[in-house]
Amino acid sequence: MHLSEIIFKGYVPIVLSWLFPILTLFVADFFEPNIQIGVLLLLLLAIVVGMIIPGIVISWLIIGLTTVGAGVLLFGYLVIPVNDKVILLLAFPIQATLVNLVSNWLLKWRSLGPNIDSIHRYREHYNLDTKLLTSHNAEKVYSKEITAIKSYPAYSLFMNITEIHWQNWQQYRQFHPDNQRKILRNISKEIKHTRLPSELIYYLGDARFLIISYRVDEKTQKIINNATQKNLQQAFKTPAIQFKWAMQQINYDNYDHFTYFADIYKHLDRVMETDIITEYSREEN
């Protein structure tokens, strides 16, 4: 549920359900005492009806009572000023409708309550912008693979870890905050388009994408990475969207340097930072 939907479907009816009876009673204060009592009773009846009776029944009830009331007040023999008739006709249907909207909104949130933990877990494991699993899942898979490499040296297991970082995403967000999510989603699509089905792609946050490739030789890995890089460059030609890359192969000989997920994460960051410094040095020369 988006913020605007929460406001208009929840907070606005709540405010109006309080504001309407206050204003109605304030206006009724200028009328005769019997009209004031009538308006008060209608508002109380509307509150009870709106909280207990379902919306569809309330609609028919409002139609029926408004029709009967209009017939009695407008075409009957009651000598009542027009303003009094209007407030008596409108008090019940408007208040009953507002209270029913609030009641339905509260029931929806109440039913959502037991699922809040599940929603938080889902968001922890899955990023809605990129439609990719998150670092929480990447860390679990990485730890299992490191354990396998360590436990079965005879199998010659290895994996390639590739990180792609949209390096100037923060500057882009400052000028185009609404469009950043769309860009991240498009980057995710372009990456998926060029990767192998066996490769696992994750979104780490801060415009960082991680790819785990199992038992792909270094030459093939470079070909795949070059294809992804070329695809991204063609899809995003604006200077505001530039990417940095880093890759590390992990096998039995070096797994102890990258035992934890944080180790490979820091290592890839250092590689990208070194590449940036190297590029600046070349430009100065």
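This dialogue walks through two helices of a predicted model.

User: Which residues of helix 8 are buried, and how should I read such a list?

Analyst: A residue counts as buried when its relative accessible area is under 20%. In helix 8 that description fits Q180, I183, L184, I187, S188, I191 and T194. Viewed down the helix axis, these buried residues fall within an arc of 140°, so they line one face of helix 8. R181, K189 and H193, on the other side of the helix, are exposed.

User: How many residues does helix 8 have, and what is its reach from first C-alpha to last?

Analyst: Helix 8 covers residues 180-194, which makes 15 residues, and it reaches 22 Å from its first C-alpha to its last, close to the 21 Å expected at 1.5 Å a residue.

User: Is K192 buried, partly exposed or exposed, and which residues does it touch?

Analyst: The class between buried and exposed runs from 20% to 50% relative accessible area, and K192, which lies in helix 8, counts as partly exposed because its relative accessibility is 38%. Leaving aside residues up to four places away in sequence, K192 touches T130, K131, L132 and I201. The C-alpha atom of K192 is also separated by 8.8 Å from that of T228, although the two residues are 36 apart along the chain.

User: Which residues form the nonpolar patch on the surface?

Analyst: A patch takes in residues with over 30% relative accessible area. Here V12, V15, L16, L19 and L23 form the nonpolar patch, with about 390 Å² of accessible area together. One of them, L19, has its place in helix 1, residues 3-28, and is partly exposed, with a relative accessible area of 40%.

Note on methods
Residues are numbered from 1 along each chain as its sequence is written. This is a predicted model: local features need pLDDT of at least 70, side-chain atom pairs count only at pLDDT 80 or more; totals for chains, interfaces and linings use all residues. Side-chain values use heavy atoms; hydrogens and water are left out. Patches are made of residues with over 30% relative accessible area and no salt bridge: like charges are joined within 9 Å, nonpolar side chains (Val, Leu, Ile, Met, Phe, Trp, Tyr) within 5 Å. Accessible areas come from the Shrake-Rupley method with a 1.4 Å probe; for residues, only the protein chains shown count as cover. A salt bridge is a side-chain nitrogen of Lys or Arg within 4 Å of a carboxyl oxygen of Asp or Glu. Helices (H or I, at least four residues) and strands (E, at least two) are DSSP runs, numbered from the N terminus. Buried means under 20% relative accessible area, exposed over 50%, partly exposed in between (1.4 Å probe, protein chains only). The expected span of a helix is 1.5 Å times one less than its number of residues. The arc is that of the directions from the helix axis to the C-beta atoms. Contact means heavy atoms within 4.5 Å.
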